[in-house]
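The exercises below are meant to be worked with the sequence and the model open side by side. Try each task before reading its solution.

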Amino acid sequence: MGVDLRGGEWLDDNLANWDERVAVHVASEMYDRTRLREGGDVLDPIVRETLARLYPDGLEGLRVLHLQCHFGSDTLSLANLGATVVGIDFSPQAVAEARRMADELGLSQRARFIEANVYDARHMLPEPESFDLVFTSWGTIGWLPDVAEWARIVSWFVKPGGRFVFADGHPTAFVFDGDGGPGGLPAFAYPYANESPDIIDDPSDYADAEVALANARTWEWTHPLGEVVAALRDAGLDIETFTEHYRVPWRIFPATVDLGDGMYGWPAEQWLPLSYELVAVPRTTPVE
């Protein structure tokens with residue numbers, strides 16, 4: 001692939017961009033943490049419903065690893081729900097805010113945060129097969145050049161009998177952008193499959209329409225569904241459930257409308273899925 005997974009221009013640009021976003025997101029209405037401070041959670045409905053189905057008796061006693069956790073609101077939500085959690089993110093600004101918030105909430109004994117590029121996770125947290133649940137969601141693998149290595153890292157951390165829960169924007173939706181198509185719908189802008197990154201100069205931020213980021217250049221990769229599923233399978237994980245959704249927890253296109261509880265979707269016809277979520281488990285029998 002020709003990309004150094006542990007450093008280089010792609011990582012420097014993305015890190016500068018996400019470091020700058022932290023203060024913007026902390027101040028934004030989208031990332032309001034009132035429910036977190038009240039002892040509740042700020043998980044989106046898709047993740048919340050999935051966890052409720054998988055763990056009807058709650059998360060008490062579970063050990064959870066949250067990869068690419070940003071500034072830890074979802075991580076701390078899982079802690080409020082009873083889990084012991086470790087969050088990993090590459091942004092020092094994000095990790096500092098996550099640790100500060102854990103202190104504020106009195107959760108520092110059950111919520112630990114590690115600053116690390118996800119590709120260095122095994123070196124920074126040498127605890128194989130030690131988590132009941134590995135979790136990652138929303139805007140994660142699109143920043144990663146190698147989804148196969150990501151899947152191997154996920155698999156390395158999940159204990160036998162544990163689970164991996166993943167939710168993200170649907171790659172079919174990521175081929176579109178803006179509102180330049182027929183009837184104000186988004187128009188084709190990016191290929192569905194492309195080994196090369198899209199290098200984008202965009203100062204806007206999805207959480208605050210008024211912000212212009214100084215560190216505007218990002219490197220992003222599209223990972224088709226087949227690539228993600230194959231990567232998890234090759235890493236020793238079997239897909240237990242796979243579900244497509246017509247809603248996402250941010251306004252992905254101008255044409256989408258507020259569905260309530262922080263979710264956005266199509267105004268009328270369900271044109272195509274906007275997100276997907278899957279649950280994977282460690283394989284107990286070899287692949288033939």
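**Exercise 1.** In which strand does Phe242 lie, and which residues make a nonpolar surface patch with Phe242?

*Solution.* The model is a predicted one, and in it Phe242 belongs to strand S10, which covers residues 237–245. Next, the patch is made by Phe242 together with Val229 and Ile239, and its area is about 210 Å². Finally, patch residues need over 30% relative accessible area, and Phe242, at 36%, is partly exposed.

**Exercise 2.** Find the salt-bridge partner of Glu240 and state where each of the two residues lies.

*Solution.* Glu240 forms a salt bridge with Arg163, with the closest N and O atoms 3.7 Å apart. Glu240 is in strand S10 and Arg163 in strand S5 (residues 158–169), so that the pair links distant parts of the chain, 77 residues apart. As for accessibility, Glu240 is partly exposed at 41%, and Arg163 is likewise partly exposed at 21%, since the lower limit of that class is 20%.

**Exercise 3.** Describe the open sheet that contains strand S13, and identify the bridge partner of Val257.

*Solution.* The sheet has 3 strands in the order S11-S13-S12, and the pairing is antiparallel. The edge strands, each pairing on one side only, are S11 (247–248) and S12 (257–260). Strand S12 is joined to S13 (residues 263–265) by 3 bridges, and within S13 the partner of Val257 is Gly265.

Notes:
Residues numbered from 1 in each chain as written. Predicted model: local features only at pLDDT ≥ 70, side-chain atom pairs only at ≥ 80, totals over all residues. Heavy atoms only, no water. Pairing = 2+ DSSP bridges. Helix = DSSP H or I, 4+ residues; strand = E, 2+ residues; numbered from the N terminus. Patch = residues over 30% accessible without salt bridge, like charges linked within 9 Å, V, L, I, M, F, W, Y side chains within 5 Å. Areas by Shrake-Rupley, 256 points an atom, 1.4 Å probe, with all protein chains shown as cover. Salt bridge = Lys/Arg side-chain N within 4 Å of Asp/Glu carboxyl O. Buried < 20%, exposed > 50% of the residue type's maximum accessible area, 1.4 Å probe, protein only.
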